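Welcome! Here are a few short exercises to work through with the structure open beside you.

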Amino acid sequence: MFKYICKRLLLGAMTLFILATVVFFGMKAMPGSPFSKDNKAVSAATMEALNKKYGLDKPVGEQYVIYMSNALHGDFGDSISKKGQPVAEIIAQRLPTTAKLGAIAFVFSMTVGITLGIISALTKHRWVNSLITILATFGVSFPGFLLAMLMMVLFSVKLGWLPVVGLETPQSYIMPVLALSFSPISSVTRLTRSSLRDVMGSDFITLARSKGTKEIWVVIKHGLRNALLPVITYAGPMFAGMITGSLVIETLFSIPGIGKEFTNSINNRDYTLTMGLTLLFGSLVILLTLVSDVVAAIADPRIKIDK
């Protein structure tokens, strides 16, 4: 287990290095300057002073070496659009909001998705299974941001039931959480349903039933314990996807999280903030994927991950 974790962390570090390199040179290749926004003219002297202040007057290769060296020591530089505010400070301020929203959406998605998957796999009513299948298929193909806009028009503009800006009240979480959870619920439902159906047809399930075990305990103790392993493996990337997928949702609902900051940093050509948030998102995906794999291995000792 320890050897496997070390290997995955090393591969993750290499992935982050490649990601940082591609994003860094990709941003530098984009036309425009972070100091000339909204077509406002900036004098040559002012532009030269700003470039020197943020190290943008150096060759791109030298800028890359300096940035990567500082990043290895935990220094991600100062934000250009935030008047020199450290990137690490911005992340520390905004991350809790995004993490809270993502955690609520994650719990909601897992709860509803697993419940619907169990019902679909075990129900004897064809119409119930067909309804859940239609909903799951629709959820996978329907974009979350489009659902968010439809909910904003209906529940905020037309009916006036829910707030559309920020996360000040419990009611304000409803639409963002639903928008983030819609597609993950569908994926969890499909995974749970297909896996549970396969498990319930296994020989050890037949053996448990032959011993007189009540059906509910057969499902809980033997069925779900094995059927949820694919869901556990999917949970880590799903949670990371909710956090990284909140970029548009946070912008739509004016939520002060890192998703909105990331969108603004790209629009403002804030190189340092974009780099810092990109590395944060990449780290979350790598670490949460590793955690889900380890948890799956602990839940099922038959999974060998030391190789």
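**Exercise 1. Describe the fold.**

Start by reading along the sequence: the pattern runs α-α-α-α-α-α-α-α-α-α-α-α-α. Next, count the elements, which gives 13 helices and zero strands in the protein. Keep in mind that this is a predicted model.

**Exercise 2. Work out how the chain is laid out in space.**

Begin with the outline: along the principal axes, the C-alpha atoms fill a box of roughly 85 × 55 × 30 Å. Then look at contacts between residues at least 6 apart in sequence; 73% of these join residues at least 24 apart.

**Exercise 3. Compare the inside with the surface.**

First, take the inside: of the 307 residues, 39% are buried, where buried means under 20% relative accessible area. Now turn to the outside, where the protein exposes about 17000 Å². Carbon and sulfur atoms supply 67% of that exposed area. Finally, add the charges: there are 29 positive and 17 negative side chains. The centres of these two sets lie 10 Å apart.

**Exercise 4. Find the largest pocket and say which helices line it.**

Step one is the volume, about 390 Å³ of space in the largest pocket. Step two is the lining: 19 residues line this pocket, and the closest to its centre are Y54, I66, Y67, G77 and T272. Step three is to place the lining on helices. α1 (2-29), α3 (60-72) and α13 (271-299) each supply at least two lining residues. Which helix gives the largest share of the lining? That is α3, with four residues.

Methods
Residues are numbered from 1 along each chain as its sequence is written. This is a predicted model: local features need pLDDT of at least 70, side-chain atom pairs count only at pLDDT 80 or more; totals for chains, interfaces and linings use all residues. Side-chain values use heavy atoms; hydrogens and water are left out. Buried means under 20% relative accessible area, exposed over 50%, partly exposed in between (1.4 Å probe, protein chains only). Contact means heavy atoms within 4.5 Å. Accessible areas come from the Shrake-Rupley method with a 1.4 Å probe; for residues, only the protein chains shown count as cover. Lys and Arg count as positive and Asp and Glu as negative; His and the chain ends are not counted. The place of a charge is taken as NZ of Lys, CZ of Arg, CG of Asp or CD of Glu. On a 1 Å grid over the protein atoms alone, a cavity is a set of points where a 1.4 Å probe fits but cannot get out, and a pocket is an open set with protein on both sides within 12 Å along at least five of seven lines; lining residues have an atom within 4 Å of a point. Grid points are joined across faces, edges and corners, and a volume is the space filled by probe spheres set on the points.
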